[in-house]
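Colleague: Could you take a close look at one part of this model for me? I'd like one helix and its surroundings, with the cut-offs spelled out.

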Amino acid sequence: HELVHLHFGHAGIEIGTELWKQYALEHKIAENGSSKGDQNNGTHKLFVESKSNGKSQWTPRSSFIDTDYFPKALSSSNNFYNQSYNHIFKRSTGGNFGEGIITYSDESLDKIRRLLETCDSADSIIITHSIGGGTGSGVGGNMYEKIRREFDVPTHAHSVMPSTKFSSSVVEPLNSVLCLMHFDKVEAMTMYQNEAMYDVCTSHFGVQNPSLKEINQLMALMISSYSWTVRNDKSNNLSKYSTLINTLNPLPSLKITVPFLHCLNDKSNPKKSLEESFLNPKNGLVDLSFISSEKHRMLSAVNFYRGDFKMRNIARSTISVLNNPSIRFSEGISNNLNNFVDKSEWKINGSFSKHKRVVSSLVSTNVISHIMDENFKNFQKLFGYRSFFYHYLGASMSTGWVTENYTYYQQLYKLYHQYGHDYHLSNSK
């Protein structure tokens, strides 16, 4: 049950390169692709093995796709990546969703097809990108539809959302909302925000003035933690990543999740720390500062414990969460709190290596409606200037297409809002 990774746009590629460094560290793969130890089935789920002079050579089962950018890490001189699966378009999107959505070639889809052919039985496709830029949003949205139509493989997108407080480009709300309209083509989507990840790097890991590289390392750490329970042969939790995707979605139409991260160092009191900080809004990798605990409603949560945790502390923290009046779950959804535990030593890349015990969580929550609302308000301001809007999108977008997808976004927002407020919610038993 192999995992295939696709990385779209500048941000997606930078996140992807850090993610593969983390994977290589966990599976004892050197920078040149050679093995530094015995390999197991978990390595085969991520890497493609080839033989050279009787020695194994491992390359990531991944494709990097962009319009105008490839870092040195993906150069032809680097033996770690298989260049035949990477693709760069000979045109720039200029940060424009309208340009990105029409940027497509059969060659890029063919590279993904050949990548899938390296699998005995492809389990899932994991995607990284930012939906504020032109390539990540436009090309990413386009490829969602192509992948859904051509390949019968579940997809999990890890998407960087624009900040609710500030952004680097005035058109980020346009790009992100138009891209979100395509998320009915994926099975799961996890949203991140750089501003929140910056705060977590500072408060949790003590990294002062973290760089984008360190923020990308944090995001790579999260993505790696979700699939470890599938990749680790000694784990009895899950055998397929697609099972995890199904666990994440309380309802087929509620596909978006919010990530949480809680770290314990050697000085932490595991009992007290887990009970007090578990699913705390300050641990979210999206901005949750604007939402009060009284309005925070959980639909479902999946928690991944990595490191030397005692089961009684995990059980105690779970009971504490279920009895916490400020953390409410919908009683209409069964099995809405799941724990996966792996006590094996976790090797962590970058500035976070001193933390050996980490709890990462994926949560479906009504907070998503508030994040969508903040982004949607900025979108409506620009949408009101119709001449600018259609000049920006160009001839690739019709009024009917925008209106249709605009309606889908509104329905998705109302659905999360409805489950958070109108439905009868109480503590799960």
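Modeller: Here is a walk along one helix and the loop after it, with some background on the chain.

Bear in mind that this is a predicted model: local features need pLDDT of at least 70, side-chain atom pairs count only at pLDDT 80 or more, and totals for chains, interfaces and linings use all residues. Numbering starts from 1 along each chain as its sequence is written, and side-chain values use heavy atoms, with hydrogens and water left out.

pLDDT is the predictor's confidence in each residue, from 0 to 100; the chain averages 77, with 78% of its residues at 70 or more. Watch residues 422–429, where pLDDT stays under 50. The chain has 14 helices and 13 strands, taken as DSSP runs (H or I, at least four residues, for helices; E, at least two, for strands) and numbered from the N terminus.

Now to H7, residues 194–205. Its twelve residues reach 15 Å from first C-alpha to last, close to the 16 Å expected, where the expected span is 1.5 Å times one less than the number of residues. Its buried residues are Glu-195, Ala-196, Met-197, Val-200, Cys-201, His-204 and Phe-205. Buried means under 20% relative accessible area, exposed over 50%, and partly exposed in between, using a 1.4 Å probe and protein chains only. For the chain of 429 residues, 57% count as buried.

What do those H7 residues pack against? Their partners are strand E8 (188–193), helix H8 (212–231) and strand E9 (256–264), with contact meaning heavy atoms within 4.5 Å.

Just after H7 comes Gly-206, with a positive phi near 70°. Further on, in the loop between H7 and H8, sits Asn-209. Asn-209 also has a positive phi, about 50°, although it is not a glycine. With 62% relative accessibility, Asn-209 counts as exposed. Another non-glycine with positive phi is Lys-28, near 60°, in the loop between helix H1 (9–26) and helix H2 (41–46). Lys-28 is partly exposed, at 37% relative accessible area.

For a second helix to set beside H7, try H11 (residues 311–322), whose end C-alpha atoms are 17 Å apart, in agreement with the 16 Å its twelve residues should span. H11 buries Asn-313, Ile-314, Ser-317, Thr-318 and Val-321. Seen down the axis, these fall within an arc of 135°, so they line one face of H11; the arc is that of the directions from the helix axis to the C-beta atoms.
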